[in-house]
Amino acid sequence: MGGSARNPGVLQRDDAPSQSPYQRLSQRMLDLSGDRGVLKDVIREGSGELVTPDASVLDITLWGMELGLLSMRRGELARFLFKPTYAYGMLGCPPLIPPNTTVLFEIELLDFLDSAESDKFCALSAEQQDQFPLQKVLKVAATEREFGNYLFRQNRFYDAKVRYKQALLLLHRRSVPLEEQHVVETAKLLVLLNLSFTYLKLEQPAVALRYGEQALSIDQKNAKALFRCGQACLLMTEYQKARDFLVRAQKEQPFNHDINNELKKLASYYRDYMGKEKEMCHRMFAPGEHGSTVGEN
């Protein structure tokens, strides 16, 4: 879920006098919890469906905030009041939030991902999935990929990999006529690039290379795929292959800083490697301190 919550404003200790900003503000707010513990005022209306309980949620730590988010739509901006029971409780959150405090939040909901539809579709057999139009498959695959991206941004690379693989499986399963193949291949390319990058993060360069090469089978000039393959080969100390991939990537994007920096890194690693090789050869073939040359009696 994409959204932003501004820092809470402390409005009232629960034992404070009755004439307070909290009471004046709360009079025109909607009661979400039934006990006036979570109150809402819409600043800007959103659109579409309400957030579902299955939606991805970013770091929700307050009960009141979860209730508030479930009342929102995409693009909505709202102000919420949370009583202590729905916020930081009797202890507060020192030093910013005193004990037993009602707090004010402004939350903007940019977007959210609903896993329920995707999970139901993925649970169907391949034959059942084939009964749906291609656009449905593409939508579910895109949702799985977006979930993967969400998990990737949280450094949950293993979980991200699972989502990406599910998206790829959906796309591989689907048989489409020739005129629609390019749409599926385009969707596959994005997932393959994600998988290649994820396996680099998981320190499995051989698998990263395999997915990168699959991406290149769809688009042989794709700079990202060439770059990922180069990175994977560099990690495997396959310096010539790494150079080949990175030079091809540079040809597609000559001013890409990441590609150029990776080529500099490759040059540095190769110099170190050759230096060690020369030193090893010198040690192997140099005569010992008390050794003799061939042919000596």
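Axes here are lines fitted to C-alpha atoms, for helices over the stretch in contact, and the angle between two of them runs from 0 to 180 degrees between N-to-C directions. Keep that handy while you click around this predicted model.

**Stop 1: α5 and α7.** Select residues 134-153 for helix α5 and 181-201 for helix α7. They pack at an angle of about 20°, and their axes lie 11 Å apart. Angles under 35 degrees count as roughly parallel, so α5 and α7 are roughly parallel to each other. The crossing here is left-handed. Now show side chains: on the α5 side, pick out Leu-134, Leu-138, Arg-145, Asn-149 and Phe-152. Among the α7 residues they meet are Val-184, Leu-190, Asn-194 and Phe-197. Sorted by class, this contact has nine nonpolar, three polar and two charged residues.

**Stop 2: α5 and α6.** Keep α5 on screen and add helix α6, residues 157-173. This time the angle is about 165° and the axes are 8 Å apart. Anything over 145 counts as roughly antiparallel, so that is how α5 and α6 run. Their crossing is left-handed. In α5, try Val-137, Ala-141, Phe-147 and Gly-148, which are among the residues meeting α6. From α6, the partners include Phe-157, Tyr-164, Ala-167 and Leu-170. The tally for this contact is 13 nonpolar, three polar and four charged residues.

**Stop 3: a cavity.** How many cavities of 30 Å³ or more are there? Just one, and the largest cavity has a volume of about 30 Å³. To find it, select Gln-129, Asp-130, Val-137, Leu-170, Arg-173 and Arg-174, which line it. That lining has two nonpolar, one polar and three charged residues.

How values were computed. Residues are numbered from 1 along each chain as its sequence is written. This is a predicted model: local features need pLDDT of at least 70, side-chain atom pairs count only at pLDDT 80 or more; totals for chains, interfaces and linings use all residues. Side-chain values use heavy atoms; hydrogens and water are left out. On a 1 Å grid over the protein atoms alone, a cavity is a set of points where a 1.4 Å probe fits but cannot get out, and a pocket is an open set with protein on both sides within 12 Å along at least five of seven lines; lining residues have an atom within 4 Å of a point. Grid points are joined across faces, edges and corners, and a volume is the space filled by probe spheres set on the points. Ala, Val, Leu, Ile, Met, Phe, Trp, Tyr, Cys and Pro count as nonpolar, Asp, Glu, Lys and Arg as charged, and the others, Gly among them, as polar. Helices (H or I, at least four residues) and strands (E, at least two) are DSSP runs, numbered from the N terminus. Angles under 35 degrees count as roughly parallel, over 145 as roughly antiparallel, 65 to 115 as roughly perpendicular and the rest as oblique. A crossing is left-handed if the near helix is turned anticlockwise from the far one by less than a right angle, and right-handed if clockwise. Contact means heavy atoms within 4.5 Å.
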